[in-house]
Amino acid sequence: MSTPESAAPGKASGPEAPSEGSKEISLDEFEPYGTLAVTGSYFVLLLVLYALLYFVEFATHAPHIID
Amino acid sequence: MTFVNHYPKAARLVKANFIVAFVALAIGGFFGLIQALHRTDVFRGFVSSVEYYDVLTGHGVLLALVFTTFFITGLYQWGVTRTMEREPENTTFSWSWFVMMVVGTVMTATAILAGLVPGSGMSAAVLYTFYPPLQGHPLFYIGLALLVVGSWMAGGDWFWSYRKWRANNPDARIPLQTYMVIFTWLMWYICSLGVALEVVVLLIPWSLGIVQKIDPLLPRTLFWFFGHAVVYFWLLPAYFVWYSILPKLSGGRLFSDPLTRVVFIFFLLLSTPIGYHHQYADPGISLVYKMWALIMTLVILLPSLMTAFTVISSMEHGARQRGGSGYFAWMGALPWGRPAFVGCALAGIMFAAGGFSGMINASLNIDMLVHNTAWIPGHFHLTVGTATALTFMAITYWLLPQLTGKELKFKGLALAQPYTWFIGMTLMSNALHRQGLAGVPRRVSEPEYAGISYDVPFGTMAEMNWQVAIGGITLFVALIFFLVVVGGTFWAGAPATNVDDTIPPPLSGPEHSPKVLDNLKLWVGVAVALVLIAYSLPLAEMVMDGLFSPGAFPAPV
Ligand code: HEM
Ligand SMILES: [Cu+2]
């Protein structure tokens, strides 16, 4: 059975996926702090790598006006 | 009862599109293997160093243009049919766009592959960007034009279904999957106009010899009018999978439907006007427009971060429903034994890494460090080469039973495949990035030069070459796994009894979001206005001195 995923919430056959005998978590109970941790870490990593590339690779290799 | 039983006509069409996509993937992937071995001087026996460019053109065209387009039209046909709950409106029309795309592909592929046949008198070693004054056989360009026109008709087919659906559902919100299809294709119509004009007005007459000279800048600019948006044309269908199917594969539900709509609107508005960021090194484009492109490119990071948030939180929702907990430990509760999930998740991780090298590319000044080096293929094998390609392969594992009514064959191979791809790409891509920093050029069959030694920042040249070669071999092995699973399922899959094909509704549905999100006319209007602001002056300036001048003669091919 294919169910239109957003046409009529509630009418659909319900979330069947968490079949692995586990609980169902509603929007109000769900606090995505794991997502915050992951995206936050990624952001920090981006900044560090960018700084590394900018100062170590780019700034030391680019032609300089002074010399 | 699954998709193929409800919509047999659509299922046949989707399968036909997928088959063409996978044939292109197989040939293009083999060419990739040749390149990885040839460039690194591990093995140069497949082709000569001149024929390398025919192979490279074949690789770029068959993978980035043909494999992607056919998979996308198949995937979107599936999505439209299941959410509109209707078969294609007119079977003849549907097959006619498919046939037109196939004919175009065969023409283009013939022109390219003929370059490998001595004495054929035909070649098109112009690479998949076909910049003049490199010139290919007219068949190459005519075939590409047919491919694009066919894809326009495919979109017309879906709008047709949408209009019929709208007539029966005047007040309903557009179902999310159809919404994503519509926004991708609106963007596609706008951006592919650029490449269509380039090919039909400039390149075809020139390749036929009707005009002798060509202005190198105008076609390039029209190409990149299309060329940044085309990366979203590859990516949005992967997002379609990540937003609408991956949450379910993770055992959860999509976090937010309205957020998804907002993200797709952003991409419609911003994809085309930022094409100049591929022309940072071109003289003849004012710095003002390059700066504008830089800023807009940073703005487009916003929908990308929103995507990261929405997709990861949907996966976290699944993990927590499966009993996961903690800040990072929840990831362990995800279904790492399910091929479709694993492929999408690993594709997402690689895409995050590609986000970093993409930020470097986007930086007007730092880009000069990596421009035209191996860093660039290092970057886009993470994006189109993995985020898109691996997602497509992975979701095939989930779609095939719905399309064929058969069980997936060789499930163990299917599970090994995304992990193998991930390992191969980690090897190849990191080494290409580092070679790029050392100054190794891309698109060169023998990147070693007498009297020049590369200044390698991390590692050694030999080690990087081996990583590229071993990575390429590993990727090719993963590709074989994929083809064996797909072929095995098609020809020898056991009849499926209980196909898993449902998608639970989002946690936060569209009902409370403003209706303006679904206002297609408004968003197209804004998108066109932004394109006009970005492109009218520079294009007018390039056209004013005559379409084909200042002219250059074809470069020897
Ligand atoms: C079997 C897996 C693959 C291998 C071993 C591979 C290898 C390579 C290598 C070594 C290059 C650089 C060649 C050069 O610059 O001289 C390259 C270029 C390229 N690859 Fe791949 N690749 C693979 C899969 C893919 C996939 C799946 C896609 C896209 C869907 C893709 C798209 C491209 C494009 C667009 C280019 C640039 C062509 C050009 O510069 O004109 N590749 N590939
Ligand atoms: Cu771009």
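Buried means a relative accessible area under 20%, exposed means over 50%, and partly exposed lies in between, with a 1.4 Å probe and protein chains only. This is a predicted model, in which local features need pLDDT of at least 70, side-chain atom pairs count only at pLDDT 80 or more, and totals for chains, interfaces and linings use all residues. Residues are numbered from 1 along each chain as its sequence is written, chains are lettered from A and ligands numbered from 1 in the order in which they are written, and side-chain values use heavy atoms, without hydrogens and water.

Select the copper ion (ligand 2) and then its protein donors, His228(B) through ND1 and His277(B) and His278(B) through NE2, which lie 1.8 to 2.1 Å from the ion; donors are N, O and S atoms within 2.8 Å of the metal (3.2 Å for Na, K and Ca), and water is not among the atoms, so sites may look incomplete. His228(B) is buried at 7% relative accessible area, whereas His278(B), at 27%, is partly exposed.

Next, turn to the cavities, where a cavity is a set of points, on a 1 Å grid over the protein atoms alone, at which a 1.4 Å probe fits but cannot get out, and lining residues have an atom within 4 Å of a point. The largest has a volume of about 700 Å³, that is, the space filled by probe spheres set on the points, which are joined across faces, edges and corners. Select Gln35(B), His59(B), Leu63(B), Phe380(B) and His381(B), which lie nearest its centre among 35 lining residues.

Finally, select Tyr243(B), Ser244(B), Leu254(B), Ile503(B) and Pro504(B), nearest the centre of the second largest cavity, which holds about 70 Å³.

Methods
1 Å grid on protein atoms, 1.4 Å probe; cavity = no way out; pocket = protein on both sides within 12 Å on 5 of 7 lines; lining within 4 Å.
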